[in-house]
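Hi,

Here is the structure I promised to pass on. Have a look at it first, and my notes follow underneath.

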Amino acid sequence: MPDALERSLKRLAEAVASLERASERRIRRDEARASAEEEYALMQDDRSRLAVELDSALDRSRALEAANAEAGARLARAAETIGALIERMERPAD
């Protein structure tokens with residue numbers, strides 16, 4: 001009977017050791033999952049912030065394009081006016 005008791009205790013110790021290993025693996029997996037979920041949340045926050053910044057940059061770009069077009073139109077009108085004045089100045093007086 002002592003042999004049976006020793007075998008039973010040995011099996012019990014092996015089962016406890018196996019349970020401890022499984023528990024440690026589960027803890028590591030849960031920690032990894034929590035870390036991944038945290039990292040994902042941070043990435044989502046970054047994505048939202050970058051989207052807002054991109055919208056702002058696009059708005060600034062559109063405003064600059066409009067200002068550039070307006071400046072170009074004004075320069076063209078000024079060049080036409082200057083050209084007309086030079087042309088009048090170069091005409092011989094009658």
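Asp-59 sits in helix α1. Bear in mind as you read on that this is a predicted model. With a relative accessible area of 48%, Asp-59 falls in the partly exposed class, since that class runs up to 50%. Its side chain makes a polar contact of 3.3 Å with the side chain of Arg-62. I also looked at how far Asp-59 is from Ala-76: the two are 17 residues apart in sequence, and their C-alpha atoms are 26 Å apart in space.

Now for the overall picture. How many helices and strands does the protein chain have? The count is one helix and zero strands. The radius of gyration comes out at 40 Å, whereas the globule rule gives 12 Å for 94 residues, so the chain is more spread out than a compact globule. The spans of the C-alpha trace along its principal axes are about 140 × 15 × 5 Å. Helix α1 itself covers residues 2-90.

What share of the 94 residues is buried? The answer is 0%. To be counted as buried, a residue would need a relative accessible area under 20%. The protein chain exposes about 8,800 Å², and 58% of that comes from carbon and sulfur atoms.

On the nonpolar side, there is a surface patch to look at. Leu-5, Leu-9, Leu-12 and Val-16 together make a nonpolar patch of about 380 Å². Val-16 belongs to helix α1, and its relative accessibility of 41% is why it counts as partly exposed.

Then the charged pairs. The structure holds seven salt bridges, and I'll go through a few of them.

Take Arg-49 to begin with, as it has a partner on either side in sequence. Towards the N terminus it pairs with Asp-46, in a salt bridge with an N to O distance of 3.8 Å. Those two are three residues apart in helix α1, which means that about one helical turn separates them. Towards the C terminus, the side chain of Arg-49 meets that of Glu-53 in a salt bridge of 3.0 Å, N to O. Here the spacing is four residues in helix α1, so again the separation is about one helical turn. How accessible are the residues in these pairs? Arg-49 has 41% relative accessibility and is therefore partly exposed. Asp-46, at 38%, counts as partly exposed, and so does Glu-53, at 42%.

Salt bridges with shared partners also tie Arg-26, Asp-30 and Arg-33 into one network. Within it, the closest N and O atoms of Asp-30 and Arg-33 are 3.4 Å apart. Both residues lie in helix α1, three residues apart, or about one turn of the helix. Asp-30 has a relative accessible area of 32%, so it is classed as partly exposed. Arg-33 is partly exposed as well, with 45% relative accessibility.

If you want to look at a few places on screen, I'd pick these:

- the patch formed by Leu-5, Leu-9, Leu-12 and Val-16
- the network of Arg-26, Asp-30 and Arg-33
- Arg-49 with Asp-46 and with Glu-53
- the polar contact between the side chains of Asp-59 and Arg-62

Cheers

Notes
Residues are numbered from 1 along each chain as its sequence is written. This is a predicted model: local features need pLDDT of at least 70, side-chain atom pairs count only at pLDDT 80 or more; totals for chains, interfaces and linings use all residues. Side-chain values use heavy atoms; hydrogens and water are left out. Patches are made of residues with over 30% relative accessible area and no salt bridge: like charges are joined within 9 Å, nonpolar side chains (Val, Leu, Ile, Met, Phe, Trp, Tyr) within 5 Å. Accessible areas come from the Shrake-Rupley method with a 1.4 Å probe; for residues, only the protein chains shown count as cover. A salt bridge is a side-chain nitrogen of Lys or Arg within 4 Å of a carboxyl oxygen of Asp or Glu. Buried means under 20% relative accessible area, exposed over 50%, partly exposed in between (1.4 Å probe, protein chains only). A polar contact is a pair of N or O atoms within 3.5 Å; within protein, one must be able to donate a hydrogen and the other to accept it, and residues adjacent in sequence count only if both atoms are side-chain atoms. The radius of gyration is taken over C-alpha atoms; the globule rule is 2.2 Å times the number of residues to the power 0.38.
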